[in-house]
Amino acid sequence: MEGQNTALLGAPPELSPTEQEVLDEYERLAENMKKLATLLDTLASQPSTQILDGLRELERKTSLVFTLLKASVYSIVLQQEIDWGTGSS
């Protein structure tokens, strides 16, 4: 009886092609999940300096655009007041 158990444990189980495909897909899925977990762990432990630098650069550019926009609007309003002032005189 013990000889049969040893033989059964050592012999690979007979699988249908569909069962083998399912097992292969599960194996690929497990490998991808391990890679994803490793990548997420790396990203969580050390924030990307490239992302932080990019956000700082974006903040500077946005501030500059806002300042230029305010100056342009102020210039237009000032020009209109000058035009109205000379037109009514």
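A surface patch, as the term is used here, is made of residues with over 30% relative accessible area and no salt bridge, and nonpolar side chains are joined into a patch within 5 Å. With that in hand, the structure above can be explored; it is a predicted model.

The overall architecture is easy to follow. The protein contains 3 helices and 0 strands, and its elements run α-α-α from the N terminus on. Helix α1 covers residues 2-10, helix α2 covers residues 17-45, and helix α3 covers residues 49-88. The protein has 89 residues, of which 0% count as buried. Its accessible surface comes to about 8500 Å², and carbon and sulfur atoms account for 63% of that area.

How confident is the prediction, and which helix has the lowest mean pLDDT? For the protein, the mean pLDDT is 83, and 83% of the residues reach 70 or more. Among the elements, helix α1 has the lowest mean value, 52, while α2 has the highest, 91. As a general reading rule, predicted coordinates should not be read in detail where pLDDT is low.

The nonpolar patch comes next. Which residues make this patch on the surface? Val-22, Tyr-26, Leu-29, Met-33, Leu-36, Leu-39, Leu-40 and Leu-43 do so, and the patch measures about 780 Å². One of these residues, Met-33, is found in helix α2. Met-33 has a relative accessible area of 48%, so this residue is partly exposed and passes the patch cut-off of over 30%.

Charged side chains add a further set of features, for the structure holds 3 salt bridges. One of them joins Arg-28 and Glu-25, whose side chains meet at 2.3 Å, N to O. Why are these two residues about one helical turn apart? They are separated by about one turn because they lie 3 residues apart in helix α2. Both partners are partly exposed: Arg-28 has a relative accessible area of 43%, and Glu-25 stands at 45%.

Helix α3 offers two further examples. Asp-53 and Arg-56 meet through their side chains in a salt bridge of 3.0 Å, N to O. These two residues both lie in helix α3, 3 residues apart, which is about one turn of the helix. Are they buried or exposed, or something in between? Asp-53 counts as partly exposed at 44% relative accessibility, and Arg-56 likewise counts as partly exposed at 44%.

The other example in helix α3 is formed by Glu-57 and Arg-60, with the closest N and O atoms 2.7 Å apart. Again the partners are both in helix α3 and 3 residues apart, about one turn of the helix. Glu-57 is partly exposed, with a relative accessible area of 32%.

Conventions:
Residues numbered from 1 in each chain as written. Predicted model: local features only at pLDDT ≥ 70, side-chain atom pairs only at ≥ 80, totals over all residues. Heavy atoms only, no water. Patch = residues over 30% accessible without salt bridge, like charges linked within 9 Å, V, L, I, M, F, W, Y side chains within 5 Å. Areas by Shrake-Rupley, 256 points an atom, 1.4 Å probe, with all protein chains shown as cover. Salt bridge = Lys/Arg side-chain N within 4 Å of Asp/Glu carboxyl O. Helix = DSSP H or I, 4+ residues; strand = E, 2+ residues; numbered from the N terminus. Buried < 20%, exposed > 50% of the residue type's maximum accessible area, 1.4 Å probe, protein only. pLDDT = per-residue confidence, 0-100.
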